[in-house]
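Here's a quick walk through this model, meant to be read with the structure open beside you. Take it one piece at a time and follow along on screen.

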Amino acid sequence: MKYSFEEDLQIISDHITKFDIQISHALVLGGAGFLGSWMCDALVRTGSQVTCVDNFASGLPVTIKNLTGNPLFQFIEHDVSNPFNPEGPFDLVIHMASRASPFEFAHHPVEILDANTRGVRNALTIARENDAKFLFTSTSEIYGDPFTVPTPETYRGNVNTIGPRGCYDEAKRCGEAYVTAFHRQFGLDTRIVRIFNTYGPRMRMDGIYGRVIPRFVSQSLNNEPISIFGDGLQTRSFCYVTDQIRGLLTFATRDGLSGEVINIGNNSEITIFELANLVRRLTGSSSELKFELLPEDDPLRRNPVITKANRLLSWEPEIALEAGLKKMVEWVRGTSLQ
Ligand SMILES: NC(=O)c1ccc[n+]([C@@H]2O[C@H](COP(=O)([O-])OP(=O)(O)OC[C@H]3O[C@@H](n4cnc5c(N)ncnc54)[C@H](O)[C@@H]3O)[C@@H](O)[C@H]2O)c1
């Protein structure tokens, strides 16, 4: 079966229409990335104007190619860590601009710290000047290697400041503190979402992410050994992209949620070993499993409590892992974006 981007985009568009989500002009920072490009596409499709800012640190021009030339879409190439003054007015500012993968933690820690601290401050300033709602895409990584799993929003984290993931985890924690400061001091309408592992079409497959699903799918399709870190008994919970974007849009726009913090992710937990076997089965691969050294500070378990998202947004994930992985595999088989 062939993957249909149109069908997935329609799921998000239907959600926007059903819940009467209205945005006149959104500023999407990091809009040429995996999640950002889905966000831009969904908004433009439902009639919102979108200004996308990205420096292609980890995003690719091809992800926004279909929007180029659309009168509702404007692209600005810029590093959000440096101040800027895009032309509004905006009613929503979304900060998604951050490299977000283990490979990048190792190679670009300073840029990651800047994007989520100085970059967040720059974005907050724009939101304040425009009196816009503000959404910050934080991460489950702010919980570090949690002692409480499933992990609720009230958990304060177990993070190694100076470990290999510290640049990302602490940057996002500082970003959250900036967002909260603008909310408290200036009354800005802010929302913080802690995204748990999300996957789907448009993820980069070239290894730059070092994220587990693109790696397993790519290795399986090429019949290369599937590299499992440690014994593979560590767990993750994977959310399909359409579920994530539906949640983000509802959270960003629903009235009465200023200052709120929520987890958005899928709460169905799977071991990495099980994931490898599932991907192998879905791709009909003959790949062997290869066990490698567990990276330092790799979290043992990741599983969100999502009752708050469910209560505040009437949101829950709808795409089961096997169904989402099938879409991902079909997309990889049919795409040139690899
Ligand atoms: N996908 C996930 O599972 C996940 C999980 C937790 C949090 N998040 C967060 O969601 C956001 C989007 O993640 P993604 O998965 O789409 O990653 P991504 O790498 O595909 O997208 C990030 C985008 O931000 C851009 N960017 C990075 N630094 C920038 C800078 N200084 N100036 C301008 N643009 C910059 C990149 O070029 C890229 O287009 C990130 O903030 C990430 O931390 C994602």
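Is helix H7 (residues 212-221) mostly covered or mostly open, and how many of its ten residues are buried? Keep in mind as you look that this is a predicted model. H7 turns out to be mostly covered, with seven of the ten residues buried. Those seven are Val212, Ile213, Pro214, Phe216, Val217, Gln219 and Ser220. As for what they pack against, the buried residues of H7 meet three strands, S7 (198-199), S8 (226-229) and S9 (235-237), plus two helices, H9 (272-283) and H11 (321-334). After H7 comes asparagine 223, and its phi is positive, near 50 degrees.

While you're in that area, look at the loop between S8 and S9, where leucine 233 sits. Leucine 233 has 12 C-beta neighbours inside 10 Å, so it counts as exposed. It still has company from further along the chain: leaving out residues up to four places away in sequence, leucine 233 touches Thr271 and Phe273. Its C-alpha is also 6.2 Å from that of isoleucine 272, although the two are 39 residues apart along the chain.

Now for the sheet. Seven strands make up an open sheet with parallel pairing, and the order across it is S3-S2-S1-S4-S5-S6-S11. Strand S3 (73-77) and strand S11 (260-264) are at the edges with a single partner strand each, so each has one side without a neighbour in the sheet. On average, neighbouring strands here are turned by 20 degrees against each other, ignoring direction. Helix H6 (residues 166-186) packs on this sheet, where it touches S5 and strand S6 (190-195), and its direction makes about 160 degrees with that of S5.

Two of the strand pairings are worth a zoom. Here they are side by side:

| Strand pair | Bridges and direction | Residues standing opposite |
|---|---|---|
| S1 and S2 | Five bridges, parallel | Valine 28 and cysteine 52 |
| S2 and S3 | Five bridges, parallel | Valine 50 and phenylalanine 73 |

Strand S1 (residues 25-29) is mostly covered, with five of its five residues buried. Both of its faces are covered: His25, Leu27 and Leu29 are buried on one side, and Ala26 and Val28 on the other.

Next up is helix H2 (34-45). H2 has twelve residues and spans 17 Å from its first C-alpha to its last, close to the 16 Å expected at 1.5 Å a residue. Eleven of the twelve are buried, so H2 is largely enclosed by the rest of the structure. The buried set is Phe34, Leu35, Gly36, Ser37, Trp38, Met39, Cys40, Asp41, Ala42, Leu43 and Val44. Just after H2, glycine 47 has a positive phi of about 95 degrees.

H2 also matters for the last stop, the ligand. How many residues surround the ligand, and which are the closest? There are 27, and the closest are Gly30, Gly33, Phe34, Ser58 and Gly59. Phe34, then, is both one of those closest residues and one of the buried residues of H2. The largest share of the shell, three residues, comes from H2, while H2 and strand S5 (133-139) each supply at least two. Sorted by class, the shell has 13 polar, eleven nonpolar and three charged residues.

Methods. Residues numbered from 1 in each chain as written. Predicted model: local features only at pLDDT ≥ 70, side-chain atom pairs only at ≥ 80, totals over all residues. Near = placed C-beta within 6 Å. Helix = DSSP H or I, 4+ residues; strand = E, 2+ residues; numbered from the N terminus. Nonpolar A, V, L, I, M, F, W, Y, C, P; charged D, E, K, R; others polar. Buried ≥ 20, exposed ≤ 12 C-beta atoms within 10 Å, placed from the backbone. Contact = placed C-beta atoms within 7 Å. Pairing = 2+ DSSP bridges. Axes fitted to C-alpha atoms, helices over the stretch in contact; angles between N-to-C directions. Expected span 1.5 Å × (residues − 1).
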